[in-house]
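Reader: Please pick one part of this model and look at it closely. Fix your terms as you go, and keep it brisk.

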Amino acid sequence: MSRGVEGVLRFLESYSWPHSPGAVEEIEVEGKKLPRFVGEFWTAKQRQAHSIHEISYRACFKPQLPRFFIELLTEPGDTVYDPFCGRGTTAVEAALLGRRVIANDANPLSRVFLTPRLAVPEISEVERRLKGLPVDYGARAELDLSMFYHPRTEAEIVSLRSYLRDRSRQGLEDHVDSWIRMVATNRLTGHSRGFFSVYTLPPNQAVSPSKQREINEKLGQVPEYRDTKALIMRKSRQLLRDLRPEEAEALRKAAKEAIIISKDARETSEIPSDSVHLTVTSPPFLDVVQYHEDNWLRCWFNDIEKELVASAITLTGSLLEWRRFMEEVFGELYRVTRPGGWVAFEVGEVRGGKVFLEDTVLPIGIRSGFRAVAVLINRQRFTKTSRIWGVENQLKGTNTNRIVLLRKEG
Ligand SMILES: C[S@@+](CC[C@H](N)C(=O)[O-])C[C@H]1O[C@@H](n2cnc3c(N)ncnc32)[C@H](O)[C@@H]1O
């Protein structure tokens, strides 16, 4: 439900921990005071995340985070945006809740992950399509993938890749093909028998061929055959298991109207000015994540040049560079946000909890024209190691999300 600033502040106060020291504090930014709330605004257990989110992506956030802000600050039919959408957590959650969706990410793989999880197929359509897919058991990749795959598995992957490439080039790739592409991209490598590869690192961190050879030697393993079609079916069933008919309907409706772009968040001319009710996002952090190196095999499968990913993604080594980048991002966010609209900007704790990026983001947001409304720190009160959150937990930044909440005055 959407509320004004006062209503939102009252709500956040009621959610913070009344008897914990420092749970509600006043902080000063650019000569203005604003509250900082510490509380358990959402938890993993509170409401189980929907199965459709179960796609691995580096540095993704939990669906409970965008859900909290979407429910608090928007109504069905409002537009929700994420300029750094990654696997599309905000977009999928917004669509499930009947909101319109705008999503952007400089990494072209983002679109591969997001689009088919809006235009969801029926499981029977996936099954039928997979059954009809031709496999050439003599097919080999143009690069050596023998350290990851059994030759028969490799032939199935290469055949699927050729099929998808042809369909895409002929303009025939439909929602079922895109779904299969998305699931296969996520099954390429991983650390269990549910993946196409021999045992390796988790799926969003594909290792290099030479590193994989080392892993194989160390573990004394050789790739066994994996039935790729069966694994795609299994993962499809898992992703769709929670999806009720009305949710499938909501996702498909959002898919028809969605704006999904693969650009630098600083220049998104496809998004009309004053059109966004709420942005929920987490930007690339200071700590450098090599998305393109992690994704080389996923890029190969999807015919995306990994150098393209490398050049598109912003890596900032210093706080100064990060600040300059954010100034331009906020300029664009101000343009696309409608008067009365909100921005919930999640900034992680980086470098061992010594840099709090909200201190950097708040002045930038204010100078871009936004009103700073609050800082929220979501913590889980009880963890396995400590009964209450204490200094140590605070410093380590475990189970914590730090969110800056801003509003464009109406
Ligand atoms: C912390 S991740 C966001 C993850 C997302 N919240 C999710 O749940 O998957 C940051 C994202 O920013 C993207 N990115 C980096 N530089 C960018 C830029 N200049 N413009 C748009 N996206 C960028 C990266 O590709 C990455 O997906």
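Author: Strands (E, at least two residues) and helices (H or I, at least four) are DSSP runs, numbered from the N terminus. The model is predicted, so local features need pLDDT of at least 70 and side-chain atom pairs pLDDT 80 or more, while totals for chains, interfaces and linings use all residues. Residue numbers run from 1 along each chain as its sequence is written, and side-chain values use heavy atoms, without hydrogens or water.

I take the strands, then what lies beside them.

Start at the loop between strand S1 (24-29) and strand S2 (32-39). Glu 30 sits in that loop. Its phi is near 50 degrees, a positive value in a residue other than glycine. Is Glu 30 buried, exposed or in between? Glu 30 is partly exposed, at 46% relative accessible area. Buried means under 20% of that area, exposed over 50%, partly exposed in between (1.4 Å probe, protein chains only).

Now follow S2 into its neighbour. S2 and S10 run parallel and are joined by four bridges. Pairing takes at least two DSSP bridges. Arg 36 has Val 375 in S10 as its bridge partner. S10 spans residues 371-379, and eight of its nine residues are buried, so the rest of the structure largely encloses this strand.

S10 also pairs with strand S11 (residues 400-407). Here the two run antiparallel, with eight bridges between them. Ala 374 is matched with Leu 405 in S11. S10 thus has a parallel link to S2 and an antiparallel link to S11.

What comes before S10 in the chain? Helix H15 covers residues 358-367 and is mostly covered itself: seven of its 10 residues are buried. The buried ones are Glu 358, Thr 360, Val 361, Leu 362, Pro 363, Ile 364 and Gly 365. Just after H15, Gly 369 takes a positive phi of about 120 degrees.

Next, strand S4. It spans residues 100-104, and four of its five residues are buried, so S4 too is largely enclosed by the rest of the structure. Strand S3 (residues 79-82) pairs with S4 in the parallel sense, over four bridges. Asp 82 stands opposite Ala 103 in S4. From S3 the chain crosses to S4 through helix H3 (residues 89-96). S4 also pairs with strand S5 (residues 259-261), again in the parallel sense, over three bridges. Ala 103 stands opposite Ile 260 in S5. Ala 103 therefore faces a residue on each side: Asp 82 and Ile 260.

Then the ligand. It is surrounded by 24 residues (a heavy atom within 4 Å), and the closest are Tyr 57, Thr 89, Asp 105, Ala 265 and Thr 314. Several polar atoms come close in distance. A polar backbone atom of Arg 87 is 2.9 Å from a ligand oxygen. A backbone N or O atom of Ala 106 lies 3.1 Å from a ligand nitrogen. A polar side-chain atom of Asp 264 lies 3.4 Å from a ligand nitrogen. Taken alone, the ligand exposes 600 Å² (Shrake-Rupley, 1.4 Å probe), and the protein buries 100% of that.

One more loop, for comparison with Glu 30. Asp 303 is found between helix H12 (296-301) and helix H13 (306-312). Its phi is near 55 degrees, positive in a residue other than glycine. Asp 303 counts as partly exposed, at 39% relative accessibility.

Methods: Polar contact = N/O pair within 3.5 Å; in protein donor to acceptor, adjacent residues only side chain to side chain. Right-handed = clockwise from strand over helix to strand, strands pointing away.
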